[in-house]
Amino acid sequence: MNILYLHGLDSSLNAEKRAILEKYGTVYSPQIDYRNDESSIESLINLYKDKDIDSVIGSSMGGFAAYYVADKFQRPALLFNPALAYRSVHQEVPDIKNPLSNLKHLVLGAKDEVIDPKSTLEFLSNSIGIDNYNIKIRQDLQHRIPEEIFEVEVKAFFRKLLLK
(Lines give C-alpha, C1' and ligand atoms only; values in the text may rest on other atoms or scores of the structure.)
Protein backbone atom coordinates (compact mmCIF):
# COMPACT_ATOMS: atom_id res chain seq x y z
CA MET A 1 0.00 0.00 0.00
CA ASN A 2 1.26 3.50 -0.87
CA ILE A 3 0.50 6.12 1.76
CA LEU A 4 0.89 9.85 1.16
CA TYR A 5 1.40 11.75 4.44
CA LEU A 6 1.07 15.54 4.38
CA HIS A 7 2.49 17.40 7.38
CA GLY A 8 1.16 20.57 8.90
CA LEU A 9 2.42 24.14 8.58
CA ASP A 10 6.12 24.45 9.45
CA SER A 11 6.18 20.78 10.46
CA SER A 12 7.32 17.37 9.24
CA LEU A 13 6.66 13.69 9.80
CA ASN A 14 8.71 12.52 12.79
CA ALA A 15 10.43 9.13 12.94
CA GLU A 16 7.97 7.65 15.45
CA LYS A 17 4.90 8.46 13.37
CA ARG A 18 6.66 7.33 10.19
CA ALA A 19 7.34 3.95 11.85
CA ILE A 20 3.64 3.64 12.73
CA LEU A 21 2.63 4.33 9.12
CA GLU A 22 5.27 1.99 7.68
CA LYS A 23 3.45 -0.93 9.32
CA TYR A 24 0.79 -0.40 6.64
CA GLY A 25 2.87 0.31 3.55
CA THR A 26 5.30 2.58 1.74
CA VAL A 27 5.18 6.13 3.08
CA TYR A 28 5.66 9.20 0.91
CA SER A 29 6.08 12.34 2.98
CA PRO A 30 7.26 15.35 0.98
CA GLN A 31 8.52 18.49 2.68
CA ILE A 32 5.92 21.14 1.81
CA ASP A 33 6.49 24.90 2.00
CA TYR A 34 2.91 26.10 2.37
CA ARG A 35 4.06 29.67 3.04
CA ASN A 36 5.88 30.09 -0.27
CA ASP A 37 3.92 27.73 -2.54
CA GLU A 38 0.31 28.86 -2.75
CA SER A 39 -0.29 26.05 -5.25
CA SER A 40 1.05 23.27 -3.03
CA ILE A 41 -2.07 21.13 -3.50
CA GLU A 42 -1.74 21.22 -7.28
CA SER A 43 2.01 20.61 -6.91
CA LEU A 44 1.34 17.52 -4.78
CA ILE A 45 -1.24 16.22 -7.25
CA ASN A 46 1.24 16.57 -10.10
CA LEU A 47 4.10 15.06 -8.09
CA TYR A 48 2.17 11.95 -7.00
CA LYS A 49 -0.25 11.36 -9.88
CA ASP A 50 1.83 8.41 -11.17
CA LYS A 51 2.64 6.88 -7.75
CA ASP A 52 -0.57 4.88 -7.33
CA ILE A 53 -1.35 6.37 -3.93
CA ASP A 54 -3.79 4.19 -1.92
CA SER A 55 -4.55 6.56 0.97
CA VAL A 56 -3.80 10.12 2.01
CA ILE A 57 -3.17 11.21 5.59
CA GLY A 58 -2.68 14.75 6.81
CA SER A 59 -2.64 16.89 9.92
CA SER A 60 -3.74 20.52 10.28
CA MET A 61 -2.61 22.33 7.09
CA GLY A 62 -1.66 18.91 5.75
CA GLY A 63 -5.19 17.74 6.54
CA PHE A 64 -6.52 20.61 4.43
CA ALA A 65 -4.24 19.63 1.53
CA ALA A 66 -5.00 15.91 2.01
CA TYR A 67 -8.75 16.62 1.77
CA TYR A 68 -8.33 17.87 -1.81
CA VAL A 69 -5.54 15.51 -2.89
CA ALA A 70 -7.70 12.57 -1.78
CA ASP A 71 -10.59 13.97 -3.82
CA LYS A 72 -8.42 14.24 -6.91
CA PHE A 73 -7.01 10.72 -6.51
CA GLN A 74 -10.36 9.28 -5.39
CA ARG A 75 -8.67 7.73 -2.36
CA PRO A 76 -9.62 7.50 1.31
CA ALA A 77 -8.17 10.07 3.68
CA LEU A 78 -7.39 10.28 7.39
CA LEU A 79 -7.45 13.91 8.51
CA PHE A 80 -6.23 15.05 11.92
CA ASN A 81 -7.58 18.50 12.91
CA PRO A 82 -7.70 19.61 9.26
CA ALA A 83 -7.55 23.35 8.59
CA LEU A 84 -10.60 23.22 6.32
CA ALA A 85 -12.53 26.31 7.40
CA TYR A 86 -9.58 28.71 7.71
CA ARG A 87 -5.80 28.85 7.45
CA SER A 88 -3.10 31.29 8.48
CA VAL A 89 -1.51 31.15 5.00
CA HIS A 90 -3.25 31.34 1.63
CA GLN A 91 -3.55 28.22 -0.50
CA GLU A 92 -5.17 27.85 -3.90
CA VAL A 93 -7.91 25.21 -3.93
CA PRO A 94 -7.94 23.38 -7.26
CA ASP A 95 -11.26 22.82 -9.02
CA ILE A 96 -11.76 19.09 -8.66
CA LYS A 97 -14.75 17.35 -10.20
CA ASN A 98 -15.59 14.47 -7.86
CA PRO A 99 -18.12 12.03 -9.29
CA LEU A 100 -17.26 9.21 -6.89
CA SER A 101 -17.49 8.97 -3.12
CA ASN A 102 -14.40 8.37 -1.04
CA LEU A 103 -14.05 7.87 2.71
CA LYS A 104 -12.76 10.74 4.78
CA HIS A 105 -12.03 9.78 8.39
CA LEU A 106 -11.61 12.91 10.52
CA VAL A 107 -10.17 13.06 14.02
CA LEU A 108 -10.93 16.34 15.75
CA GLY A 109 -9.60 17.50 19.08
CA ALA A 110 -12.27 18.98 21.33
CA LYS A 111 -9.51 20.96 23.09
CA ASP A 112 -7.88 22.20 19.86
CA GLU A 113 -7.19 25.93 20.24
CA VAL A 114 -5.61 26.29 16.78
CA ILE A 115 -8.31 24.75 14.57
CA ASP A 116 -11.77 25.12 16.09
CA PRO A 117 -13.50 21.75 15.65
CA LYS A 118 -16.87 23.51 15.40
CA SER A 119 -15.70 25.41 12.31
CA THR A 120 -14.56 22.12 10.75
CA LEU A 121 -17.95 20.56 11.38
CA GLU A 122 -19.66 23.60 9.90
CA PHE A 123 -17.42 23.42 6.82
CA LEU A 124 -18.30 19.75 6.35
CA SER A 125 -22.03 20.38 6.80
CA ASN A 126 -21.87 23.02 4.05
CA SER A 127 -19.79 20.98 1.60
CA ILE A 128 -21.57 19.87 -1.51
CA GLY A 129 -19.56 16.71 -2.18
CA ILE A 130 -20.77 13.15 -1.82
CA ASP A 131 -17.95 12.06 0.43
CA ASN A 132 -18.46 9.49 3.14
CA TYR A 133 -17.40 11.22 6.38
CA ASN A 134 -16.49 9.33 9.52
CA ILE A 135 -15.97 11.96 12.24
CA LYS A 136 -14.47 11.28 15.65
CA ILE A 137 -14.23 14.03 18.23
CA ARG A 138 -11.70 13.19 20.92
CA GLN A 139 -12.30 14.96 24.21
CA ASP A 140 -8.66 14.36 25.24
CA LEU A 141 -7.08 15.86 22.09
CA GLN A 142 -5.59 19.27 21.50
CA HIS A 143 -4.00 20.40 18.21
CA ARG A 144 -0.82 18.33 18.35
CA ILE A 145 -1.30 14.61 17.87
CA PRO A 146 0.62 12.48 20.39
CA GLU A 147 2.11 9.26 18.99
CA GLU A 148 -0.22 7.10 21.12
CA ILE A 149 -3.35 8.73 19.69
CA PHE A 150 -1.85 8.78 16.20
CA GLU A 151 -1.23 5.04 16.38
CA VAL A 152 -4.75 4.25 17.64
CA GLU A 153 -6.41 6.37 14.95
CA VAL A 154 -4.20 5.12 12.12
CA LYS A 155 -4.96 1.53 13.13
CA ALA A 156 -8.71 2.27 13.19
CA PHE A 157 -8.52 3.94 9.78
CA PHE A 158 -6.73 1.04 8.10
CA ARG A 159 -9.01 -1.49 9.81
CA LYS A 160 -12.00 0.35 8.32
CA LEU A 161 -10.36 0.32 4.87
CA LEU A 162 -9.71 -3.41 5.03
CA LEU A 163 -13.36 -4.08 5.86
CA LYS A 164 -14.57 -2.32 2.72
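I began with helix 4, whose buried residues pack against helix 3 (61-73), strand 5 (103-109) and strand 6 (132-138). I took contact as heavy atoms within 4.5 Å, and helices (H or I, at least four residues) and strands (E, at least two) as DSSP runs numbered from the N terminus.

I noted that this is a predicted model, in which local features need pLDDT of at least 70 and side-chain atom pairs count only at pLDDT 80 or more, while totals for chains, interfaces and linings use all residues. Residues are numbered from 1 along each chain as its sequence is written, and side-chain values use heavy atoms, with hydrogens and water left out.

I looked up which residues of helix 4 (117-126) are buried (under 20% relative accessible area, exposed being over 50% and partly exposed in between; 1.4 Å probe, protein chains only), and found Pro117, Ser119, Thr120 and Leu124. Seen down the helix axis, these buried residues fall within an arc of 160° and so line one face of helix 4; the arc is that of the directions from the axis to the C-beta atoms. The face turned away from the buried side carries the exposed Lys118, Glu122, Ser125 and Asn126.

I next turned to the sheet. It is open, with six parallel-paired strands in the order 2-1-3-4-5-6; two strands pair if DSSP finds at least two bridges between them. Strand 2 (26-28) and strand 6 stand at the edges, each with a single partner, so one side of each is left without a neighbour in the sheet.

I finally checked strand 3 (55-59), which pairs with strand 4 over four bridges in the parallel sense. Ser59 has Phe80 of strand 4 as its bridge partner.
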